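Q: I should like to learn how features of a multi-chain model are read. Could we work through one example together?

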Amino acid sequence: MPDFTPTLTRRGLMGLGLGAVAAWTLASCGTDDDGGSGSGGGAALSAAAITLGSTAITSAIDPHAATSNVGRTYAINVFDSLVDFDGDGRIVASLATDWTRVDETTLELTLREGVTFHSGAAFDAQAVKANVERILSGDPAYSLLVGRLGPISKVEVVDARTVRVITSAPDPILLNRLTMIDIVDPATIGKEVTVETISGTGPFKVVGYKPDQEVRLERYADAWQPSESIATATLVAISDPSSLAIAVRAGEVDTAFGLAPDQVAQLQGTLDLETPSAGSCAICSLIPDAEPALADPRVRRALNMAINHEEFVEVGLGGYGEVSTGQLLQPGYLGYDDSLEGFPYDPDGAKELLAEAGVTDLELPIVTTAFFKAQAEIVVGYLEAIGVKSRVELQDLSAFLGTLLSKSEFPLVYWQTDYFDLQDILSVTRFGPQQPGTQLHFENPRYAELYQEATVELDDDKRAAAIKEMAGLLNEEAGVLFLGWPKLAYVHARDVDLLLGGESLINLQKVVRSA
Amino acid sequence: MSDLATPEAVGTRGPTAAGGVLRSALVWVLRLLVVTLGILTILFFLLRLSGDPAAVVAGAGATDAQVEQVRVSLGLDQPLLTQYAQFLADTARLDFGSSLLTDQPALGMVLDRMPATLLLAAITIVVSTLIGVPLGVLAAARHRRTTGRLLSLLAALLQAVPSFLLGILLLLVLGLHLGWLPTYGSGTPVHLVLPVATLAAITIARIVRLTRSGVLQALGQEFTGAALARGATRRRVLWNHALRNALVPLTAFVTIEVAHLISGAVIVESLFAYDGVGRQLVDSIFRRDYPVVQATVFVIAVLVVLISAAGDLLLHRLDPRMRREA
Amino acid sequence: MSRLLRQPAVAVGLLGLLALLVLVSFPGLVTDHGPNTQTLSQRLVPPAWMDGGSSEHLLGTDHLGRDIAARTLHGGRVSLLVGFVAATAASVLGILLGLVAGYRGGWVDRVVTEAANVWLAFPFLVLAIATVAVVGSDLSVLVVLLAVAAWVTPTAITRAATASLRGEDYVHAAIGMGASDTHILRSHVLRTVMAPNLVVWTLTVGTLVVIEGALSFLGLGVRPPTASWGSMLNDGRAYLETAWWLVAFPGAALTLTVALTNLLGDGLRDALDVRTESR
């Protein structure tokens with residue numbers, strides 16, 4: 001099953017100092033030429049260095065064993081996948097140049113020629129097969145990734161340049177899932193993964209690694225997509241966001257990722273900023289199991305009306321976000337419904353609705369992780385303004401995952417439903433069908449049915465219709481407390497031209513550092 | 001109450017006779033075993049009752065079935081007592097297993113980072129003592145004058161500044177605006193300046209106050225008065241007699257403080273992205289990465305017992321009254 | 001008691017703390033804003049006397065538009081409760097254990113010493129995180145946690161001092177004259193160990209208020225939006241350069257409290273020393 005990990009892990013982990021996305025500091029800035037667009041020849045390459053700072057870095061240099069999305073910045077620069085997302089969320093060629101569906105459960109891909117791993121070994125169909133087999137081997141180290149691969153069951157080698165990916169059921173988002181598989185050199189599989197042995201096909205190779213501290217990368221000149229401007233990069237973790245903000249101001253790191261929204265706002269005058277969409281929706285789950293009054297749609301609607309959505313985005317997200325139109329998906333995703341509308345800010349109306357529902361003395365504590373403390377506090381303020389008592393319960397990551405995934409004792413759960421990694425609503429599993437015994441976040445059988453339909457429906461139009469119907473249900477029933485669509489914020493030095501890739505990550509080979 | 005002359009009367013005190021050395025070493029080994037066993041047992045149950053690493057390992061997107069599979073493969077589905085017995089058996093062989101998340105050997109992860117932490121703790125203690133003790137004696141000697149009162153007040157105020165605030169202030173001033181020091185990282189002497197300064201500020205404040213109090217108390221006692229009457233100079237009385245009296249609580253305090261510095265420098269390590277065990281420990285608890293937490297706590301326990309042994313030995317040397325007992 | 005109050009330091013310290021206690025107990029005397037009432041349109045308003053300040057908010061507002069004066073006073077309840085109750089509990093526990101262990105020696109001393117050793121070697125944060133995970137970060141949980149965090153220092157200091165007093169001639173003499181243990185402890189030992197313990201107590205009050213803030217730093221402090229000085233300082237440090245008042249006022253309150261307890265502790269120590277000298 002896919003998941004909603006992206007935002008949760010990315011942000012949540014960072015808040016706990018566990019996450020790791022990269023930030024980059026410039027160690028040195030000598031550039032031979034102006035990093036224009038030369039092509040792969042070694043002589044034309046410049047020698048710029050960059051340091052990327054973030055609140056956390058990858059948890060492992062083996063991309064399959066990474067325990068959260070915070071490692072993606074590292075992974076996309078050292079490894080390639082068969083296909084990629086472009087900036088608009090469309091699937092584009094990467095290690096595979098062409099693909100066709102053979103039947104409902106088989107996809108045939110033609111592989112790129114002349115690609116070599118950092119070790120010098122050639123990339124071929126066997127490498128793809130070995131990678132997928134490794135991930136599906138049942139080793140718990142890869143379980144996070146397995147969760148994203150859904151029905152993928154095996155890979156067949158047709159010839160050295162052709163593979164077939166077989167799924168156990170029709171999978172409309174198979175290509176999206178393939179973007180998650182970083183291809184590692186099969187020679188390293190089964191051996192201990194170290195800085196010396198780890199090898200991919202990406203534009204950078206690993207030359208140094210200190211767990212939880214830094215990864216050092218160096219340009220791989222023979223890459224099929226070599227980096228032109230950046231020759232060396234250091235990904236460092238500075239877990240305290242205030243310290244990270246100071247490091248980027250001092251110029252000791254060139255980019256900073258993982259700052260709180262209001263810290264970003266304070267830096268805006270002196271540094272440049274990229275704010276791509278986070279592909280996520282900030283919400284509070286409303287759990288009737290923990291507070292029966294939440295089973296009444298009028299109560300849920302009242303809570304949505306208590307929130308001043310513009311103000312929440314302005315303050316809670318620091319202005320880096322947009323007001324949700326009462327649905328999880330943002331425009332541009334399959335199944336976005338432009339006829340839906342968000343909830344009006346109407347505290348008096350909210351009080352009336354609560355009175356109409358016969359609810360008095362409502363108490364709705366909000367559970368979340370430390371990283372979302374300020375946002376949850378803001379929601380508390382809105383709830384108290386309509387006479388609902390509330391407070392914030394902070395849990396550490398391990399406890400919060402249990403709360404979110406199986407059972408919450410608290411009626412409101414603040415989290416962000418990420419769908420950027422698969423670029424599809426299927427990433428948001430929590431409202432879909434659940435195992436028996438799991439607490440439901442949205443008690444609506446029809447929604448779960450539609451989710452199931454969207455999981456196997458290969459026709460885009462029919463899928464879009466199902467997803468729109470899901471969105472309509474969630475909106476009409478006020479199934480969750482909608483809070484906004486957050487954006488990511490990369491703060492960076494002015495001499496760095498930061499081009500972000502399809503997953504809103506830093507593609508180092510596209511970064512240009514001027515002399 | 002009649003066993004005054006036995007070492008027990010003053011706790012596990014060191015021996016004086018040569019034959020006692022062996023006995024004393026034995027006592028310390030026994031003590032080490034008791035302490036580490038006690039700690040690891042508390043830790044084992046505390047960790048397992050407070051959360052489950054399987055969800056973290058499986059990832060937020062995993063289904064219940066996947067989480068259960070991870071739980072089985074990690075052996076977490078076994079009865080708690082079975083796990084405990086296994087844990088004791090492994091620990092006896094110093095086998096702490098591998099991190100549940102990174103698969104690295106847990107003990108190795110801890111030992112890799114320990115030198116950086118010990119360096120930070122050692123420098124902090126040495127710097128704090130070198131600055132704190134003389135200031136404390138000065139504050140006592142001048143305790144009725146402005147210097148003394150000012151020093152005492154300053155020390156009180158300094159220990160009221162939380163390190164998460166002081167660290168950011170130092171970073172802003174020395175790292176950013178003056179640009180004298182790097183804002184993050186570890187490995188070179190300059191990287192130590194800000195973390196040490198942040199940690200030492202509070203330690204110095206405490207040492208000043210304890211020294212002052214100990215010295216003042218001694219100055220009020222008969223033996224110092226007697227020494228003065230015998231014609232000893234005031235300076236000699238201050239440094240020889242009075243300070244020696246202050247050293248008893250001070251040594252006890254420094255022992256405790258070292259223990260705190262080894263496990264508790266997490267905030268400073270986070271602020272300065274310093275490569276120590278404190279942060280690794282807290283991250284591991286948040287993830288319920290049992291092997292790493294257990295290995296870290298074990299290593300810290302051994303160190304603390306050794307340090308407190310050294311502290312007691314020192315106390316024993318320093319305090320003539322205790323020596324007389326033995 | 002009246003003699004104690006004649007010490008100016010004691011008088012000032014006590015009166016100051018009392019005044020603080022009154023202010024914190026009756027915040028309505030200063031402001032009628034609620035501590036958690038947020039007005040997001042009025043965020044980061046500077047104190048009344050500055051440009052852009054408003055008489056509505058004497059000490060300005062924080063990043064969520066809450067009144068700093070109200071939060072500082074209400075936060076003081078939490079911080080003072082945590083600081084004083086936990087520090088006092090730790091000191092009482094520590095003195096009792098230290099006296100018994102140091103005076104009686106033998107197995108009692110061994111047990112206390114080993115317990116202290118186990119405790120010392122056990123990282124407090126592990127306990128704090130695990131406890132909060134199991135029972136949540138309730139105020140009473142925090143007080144117990146912090147009291148438990150602080151018992152070793154008074155115990156160790158008391159024990160060491162008691163053990164060394166045990167060897168003093170006058171204690172031997174008293175035992176020889178048939179004085180009871182409790183009498184010796186009360187009249188000879190307790191008085192001597194009180195002085196360092198008072199200092200430790202005043203140190204501990206400030207330290208615990210600060211540690212509560214450190215727990216907030218790790219997401220383990222009081223439940224937001226409940227204010228405490230420590231959590232206000234932690235929230236405010238991101239705004240050190242743009243909105244200093246977020247940190248300045250809770251910081252000043254914390255500093256004042258620590259200065260007053262310090263004054264009180266020093267004064268008490270001096271007063272007790274006078275008695276020692278006149279003996």
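The dialogue below takes up one chain, its contacts with two others, a helix pair and a sheet.

A: Please note at the outset that this is a predicted model.

Q: Which secondary structure elements does chain B have?

A: Chain B has 14 helices and zero strands. Along the sequence, its pattern is therefore an unbroken series of α elements, α-α-α-α-α-α-α-α-α-α-α-α-α-α. Of the 326 residues in chain B, 52% are buried. Among the contacts in chain B with a separation of 6 or more, 71% are between residues 24 or more positions apart.

Q: How many residues of chain B and of chain C are in contact?

A: The contact involves 65 residues of chain B and 59 residues of chain C. On the chain B side, helix H1 (residues 19-49) gives the most, with 10 residues. By class, this side of chain B has 42 nonpolar, 14 polar and nine charged residues.

Q: Which element gives the most to the side of chain A that touches chain B?

A: Chain A brings 47 residues to this contact, and chain B brings 40. Elements giving two or more residues on the chain A side include helix H1 (5-15), strand E10 (230-237) and helix H6 (241-249) of chain A. H12(A) gives the most, with six residues. The chain A side has 22 nonpolar, 17 polar and eight charged residues.

Q: How is a pair of packed helices described?

A: Two values are used, the angle between the axes and the distance between them. Here, H6(A) packs with helix H7 (residues 163-177) of chain B at an angle of about 5°, and the axes are 10 Å apart. Because angles under 35 degrees count as roughly parallel, H6(A) is roughly parallel to H7(B). Residues making the contact include A:Ile246 and A:Arg249 of H6(A), together with B:Leu171 and B:Leu172 of H7(B). By class, this contact has five nonpolar, three polar and one charged residues.

Q: Which strands stand at the edges of the open sheet in chain A?

A: The strand order is read before the edges. This open sheet of four strands has the order E4-E5-E7-E6 (chain A), with antiparallel pairing. Strand E4 (96-103) and strand E6 (152-159) of chain A each have a single partner strand, so one side of each is left without a neighbour in the sheet. On average, neighbouring strands are turned by 25° against each other, direction ignored.

Q: How many bridges join E6(A) to strand E7 of chain A?

A: Six bridges join E6(A) to strand E7 (residues 162-167) of chain A, and the two run antiparallel. A:Val155 stands opposite A:Val165 in E7(A). Helix H3 (residues 125-135) of chain A lies across E5, E6 and E7 of chain A, at about 165° to E6(A).

Note on methods: Residues numbered from 1 in each chain as written. Chains lettered and ligands numbered in written order. Predicted model: local features only at pLDDT ≥ 70, side-chain atom pairs only at ≥ 80, totals over all residues. Contact = placed C-beta atoms within 7 Å. Nonpolar A, V, L, I, M, F, W, Y, C, P; charged D, E, K, R; others polar. Buried ≥ 20, exposed ≤ 12 C-beta atoms within 10 Å, placed from the backbone. Axes fitted to C-alpha atoms, helices over the stretch in contact; angles between N-to-C directions. Parallel < 35°, antiparallel > 145°, perpendicular 65-115°, else oblique. Pairing = 2+ DSSP bridges.
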